[in-house]
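Reader: Could you walk me through this one, starting with the charged pairs and then moving on to the strands and the core?

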2 protein chains.
Amino acid sequence: MVETRENVMLIEELTRQASLDVLAGARLGRLACAQGPQPYVVPFYFVYHHNYLYSFSTVGQKIEWMRANPLVCVEADEVVSPHRWVSVIVFGRYEELPDTPESQPERAFAAELLQQYAMWWEPGYARTILHGTERPLEPVFYRIYIAVITGRRATLD
Amino acid sequence: MVETRENVMLIEELTRQASLDVLAGARLGRLACAQGPQPYVVPFYFVYHHNYLYSFSTVGQKIEWMRANPLVCVEADEVVSPHRWVSVIVFGRYEELPDTPESQPERAFAAELLQQYAMWWEPGYARTILHGTERPLEPVFYRIYIAVITGRRATLD
């Protein structure tokens, strides 16, 4: 018997909840910010919790750009092939959680949430040498408010 | 014997050539564009050739935004863990390759280059159903001019 039926790629829009579920199961994503007309995108690790993505970073170009323009976009995906993938895109807003009395509750919550992923934090690992000098250990805690989320899943029919 | 030496994450800056080599070996990346202050990032497949990234897409938000603002950022990486990864970031410029006499040589070159990756193109696969209707097959060919490229590699010492 000869299979004559064509393969067709189906692209399915995910519901908001299904899109959030993808984020909840992801750790690695890509974070885009912009300075004037120039976008910038980097990989980052995050933890999803109640409509926010929590993360931390040392100060650098990404943090400086997001402080100046808090509008960001986050993408997380599981790509098996060009025709089998799920991808979620968030339009969001950067919120820094500084070490101030007002931000203390959210900052403590973020630290607790992120410390569950101990491997990111092992003290030895946290020592990072860049350009032959040790990077400051002082982390910037931040979260991304999820304003809009969309998701798509592609499968072969 | 007890190993008391700390693990230290070393971050090494890649040379321009080493960064281009990562791109040349990559197919999947993330492409960021921006409309006003809002960045947007999506996964995309590309082929590197002589300081350009070649790709194609159907018309949609990404193409419309890049037509209006050609400044883009591309990120490609191989992430093994938070402490073992290589990541390359390109600041570039979107160049569409329309079906016009002036663009014909570059467009034909792009089509030939991309057709080497036959799996992206198998006729059956190209039929895509979104929202229950078939998407137009007309591809937009484009390339990203690599204006600036940087790369970093993290390893555990």
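Author: What follows takes the salt bridges, then strand pairing, a helix and the nonpolar core, and the model is a predicted one.

Reader: How many salt bridges are there over all chains?

Author: The count over all chains comes to 12 salt bridges. One of them brings together the side chains of Arg30(A) and Glu75(B), at 3.6 Å from N to O. Arg30(A) sits in strand 2 (residues 28–35) of chain A while Glu75(B) belongs to strand 6 of chain B, so this pair joins two chains.

Reader: Are Arg30(A) and Glu75(B) buried or exposed?

Author: Arg30(A) and Glu75(B) are both buried.

Reader: And what does Asp77(A) form a salt bridge with?

Author: Asp77(A) is bridged to Arg30(B), with 2.8 Å between the closest N and O atoms. That pair also crosses between chains, running from strand 6 (residues 71–81) of chain A to strand 2 of chain B. Arg30(B) counts as buried because its relative accessibility is 6%, which falls under the 20% cut-off. Among the residues that Arg30(B) touches are Arg30(A), Glu75(A), Phe44(B) and Cys73(B).

Reader: Which strand 7 residue of chain B has a salt bridge to Arg143(B)?

Author: That is Glu95(B), whose side chain meets the one of Arg143(B) at 2.8 Å, N to O. The pair links distant parts of the chain, with Glu95(B) in strand 7 of chain B and Arg143(B) in strand 10 of chain B, 48 residues apart. Glu95(B) is partly exposed at a relative accessible area of 23%, whereas Arg143(B), at 12%, is buried.

Reader: Switching to the strands, what does strand 7 of chain B pair with?

Author: Strand 7 (residues 84–96) of chain B pairs in the antiparallel sense with strand 6 (residues 71–81) of chain B over 10 bridges, and these two form a hairpin with 2 residues between them. In this pairing Cys73(B) stands opposite Phe91(B). Strand 7 of chain B is also antiparallel to strand 10 (residues 140–156) of chain B, over 12 bridges, where Glu96(B) stands opposite Tyr142(B).

Reader: Which residues of helix 2 of chain B are buried?

Author: In helix 2 (residues 61–68) of chain B the buried residues are Lys62(B), Ile63(B), Trp65(B) and Met66(B). Viewed down the helix axis they fall within an arc of 165 degrees, so they line one face of the helix.

Reader: Last one, which residues in the largest nonpolar core touch the most other members?

Author: Those are Leu23(A) and Leu23(B), in a core of 66 residues. Leu23(A) has contacts that include Phe46(A), Tyr48(A), Val88(A) and Ile146(A).

Technical notes: Residues are numbered from 1 along each chain as its sequence is written. Chains are lettered from A and ligands numbered from 1 in the order in which they are written. This is a predicted model: local features need pLDDT of at least 70, side-chain atom pairs count only at pLDDT 80 or more; totals for chains, interfaces and linings use all residues. Side-chain values use heavy atoms; hydrogens and water are left out. Buried means under 20% relative accessible area, exposed over 50%, partly exposed in between (1.4 Å probe, protein chains only). Helices (H or I, at least four residues) and strands (E, at least two) are DSSP runs, numbered from the N terminus. The arc is that of the directions from the helix axis to the C-beta atoms. A nonpolar core is a set of buried Ala, Val, Leu, Ile, Met, Phe, Trp, Tyr and Cys residues joined through side-chain atoms within 4.5 Å. Contact means heavy atoms within 4.5 Å. Two strands pair if DSSP finds at least two bridges between them. A salt bridge is a side-chain nitrogen of Lys or Arg within 4 Å of a carboxyl oxygen of Asp or Glu. Lists of a residue's contacts leave out its neighbours within four places in sequence.
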